[in-house]
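Work through the exercises below with the sequence and the model open. Try each task before you read its solution.

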Amino acid sequence: LVGLGLFVAIERRAAGPIIPLKLFRIRTFTLINLASPMVGASLFAAVLFLSLYLVNVLGVSATSAGSTLIPLMGGMVISSIVSSQVVQRLGRYKLMVLGGMLMVAAGFWWLTTLDVNTSLNMVRLRMIVLGVGLGPVMPTLTLALQNAVPFENIGAATASRQFFQQLGQVIGAAVFGAILTTTLTNAIETNLAPIKAKLPAELAAQFDTSRLKNGGGTEGAGGEQAPIEQQIEAGSTQRFDEQRALLTKAIRNADPAATEALVSNPQTPAELKGLLQAGVPAAAREQVLATVLAGVDTAEASALEQGRTIGHEVSAGIKQAFTTSVTQIYWYTVPLVLLAFLITLFVPELPLRRTNHSTPV
């Protein structure tokens with residue numbers, strides 16, 4: 001706010017201001033610069049948050065997520081060319097902008113219907129609709145602005161529209177990012193609470209919300225994101241391997257420390273505790289150890305099967321959390337685009353210039 005006040009004060013006195021404040025007396029200039037931040041914020045939301053959905057919900061690679069934006073840009077380019085030809089022939093541009101904004105709003109509404117089962121091709125189709133809508137909006141708004149200001153101020157007016165649009169992108173990224181973080185944190189905690197209750201405390205502690213917000217897995221070796229199922233399976237396997245090693249020391253080697261650890265463990269069966277406290281005869285140690293380890297193998301197989309089931313549930317919960325959070329952003333974007341549409345309704349449609357020479361407005 002202080003910077004804005006200083007900027008206005010200096011611009012009013014500058015011989016060659018960056019943004020001539022007199023331009024704000026032109027209705028078209030003011031209204032388009034009010035609508036431009038909203039258009040910029042909506043475009044940034046489409047590009048920034050869609051990749052989170054693609055990677056964490058559909059499980060595509062970063063390359064595939066980036067290539068999914070190609071239909072958006074392709075739709076923008078094609079519809080921009082077509083709309084420019086229509087405007088050039090008819091000399092009318094307002095309906096083209098308004099129609100594009102309505103299509104953008106429809107595209108964002110369609111994005112709110114994304115779910116965990118949406119195919120990649122259906123996402124691309126949504127991007128095409130969004131791009132076809134944005135194509136006429138962005139360049140035609142610039143054309144309308146250039147057409148409305150004095151010829152000597154066209155450069156400053158064009159730059160100001162770009163500035164306000166980029167300002168909208170910055171503010172939109174901050175606001176939408178805050179919304180996403182809050183929504184995603186709550187959604188993950190809500191979805192995983194009943195699932196984590198089924199896990200042992202040491203394994204449940206690995207599923208930290210702050211880590212899960214960065215992807216659908218926990219941190220594995222080397223810092224990469226490992227799938228949830230693998231993390232649960234690895235944790236279960238490690239615990240059973242440690243149990244086998246402890247049993248081998250206690251039964252085969254009669255290790256006092258291993259025996260004490262097993263006896264003091266409340267999860268050790270009472271029959272095995274009694275056997276360890278009484279002492280296993282040397283001649284029967286191998287047979288007893290084989291019987292006990294066979295029971296451990298059976299328990300491990302059951303635990304791994306249960307772990308895979310829980311792993312699928314955790315993955316599904318995280319995917320649903322990301323889907324809910326990203327679609328929530330698009331629900332906020334729809335009224336933003338409609339507000340830009342309402343502002344543009346009041347932009348007067350002036351006859352297009354037919355010359356590069358300065359003409360009165």
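## Exercise 1: an aromatic pair

Tyr-330 is buried, at 0% relative accessible area (buried is under 20%, exposed over 50%, partly exposed in between, with a 1.4 Å probe and protein chains only). The model is predicted: local features need pLDDT of at least 70, side-chain atom pairs count only at pLDDT 80 or more, and totals for chains, interfaces and linings use all residues. Residues are numbered from 1 along each chain as its sequence is written, and side-chain values use heavy atoms, with hydrogens and water left out.

**Task.** Find the aromatic pair that Tyr-330 forms, and describe its geometry.

**Solution.**
- Step 1. Set the criterion. Rings of Phe, Tyr and Trp (its six-membered ring) pair if their centres lie within 6.5 Å; planes under 30 degrees apart are stacked, over 60 edge-to-face, and the rest tilted.
- Step 2. Search the whole structure. Four aromatic pairs turn up.
- Step 3. Take one of them, Phe-24 with Phe-29. The centres are 5.0 Å apart and the planes make 80°, so this pair is edge-to-face.
- Step 4. Check the burial of these two rings. Phe-24 is partly exposed at 32%, while Phe-29 is buried at 0%.
- Step 5. Turn to Tyr-330. Its ring pairs with Phe-108, 5.9 Å centre to centre, with 35° between the planes: a tilted pair.
- Step 6. Place both residues. Phe-108 sits in helix H5 (residues 94-111) and Tyr-330 in helix H13, so the pair ties together parts 222 residues apart in sequence. Helices here are DSSP runs (H or I, at least four residues), numbered from the N terminus.
- Step 7. Add the burial of the partner. Phe-108 is buried, with a relative accessible area of 0%.

## Exercise 2: a salt-bridge network

**Task.** Which residues do salt bridges that share partners join into one network?

**Solution.**
- Step 1. Apply the cut-off. A salt bridge is a side-chain nitrogen of Lys or Arg within 4 Å of a carboxyl oxygen of Asp or Glu.
- Step 2. Count. The whole structure yields five salt bridges.
- Step 3. Start at Asp-297. This residue bridges to Arg-244, with the closest N and O atoms 2.7 Å apart. Asp-297 is in helix H13 (residues 285-345) and Arg-244 in helix H10 (residues 228-251), so the bridge ties parts that are 53 residues apart.
- Step 4. Compare accessibility. Asp-297 is partly exposed at 40%, whereas Arg-244 is buried at 18%.
- Step 5. Look at Glu-300. A salt bridge joins Glu-300 to Arg-244 (2.2 Å, N to O). This pair also links helix H13 with helix H10, 56 residues apart. Glu-300 is buried at 12%.
- Step 6. Examine Arg-252 and Glu-286. Their side chains meet in a salt bridge of 3.0 Å, N to O. Arg-252 lies in the loop between H10 and helix H11 (256-264), and Glu-286 in helix H13, 34 residues away. Arg-252 is partly exposed at 39%, as is Glu-286 at 46%.
- Step 7. Join the bridges that share partners. The network holds Asp-241, Arg-244, Asp-297 and Glu-300.

## Exercise 3: around Val-292

**Task.** Is Val-292 buried or exposed, and which residues does Val-292 touch?

**Solution.**
- Step 1. Locate Val-292. The residue is found in helix H13.
- Step 2. Read its accessibility. At 18%, Val-292 is buried.
- Step 3. List contacts (heavy atoms within 4.5 Å). Not counting residues up to four places away in sequence, Val-292 touches Leu-247, Ile-251 and Leu-272.
- Step 4. Relate Val-292 to Arg-244. Their C-alpha atoms are separated by 9.0 Å, at 48 residues apart along the chain.

## Exercise 4: a backbone angle

**Task.** What is the phi of Ala-254, and where is Ala-254 found?

**Solution.**
- Step 1. Read the angle. Ala-254 has a positive phi of about 55°, although it is not a glycine.
- Step 2. Place the residue. Ala-254 is in the loop between H10 and H11.
- Step 3. Check its accessibility. Ala-254 is partly exposed at 37%.

Methods. Helix = DSSP H or I, 4+ residues; strand = E, 2+ residues; numbered from the N terminus.
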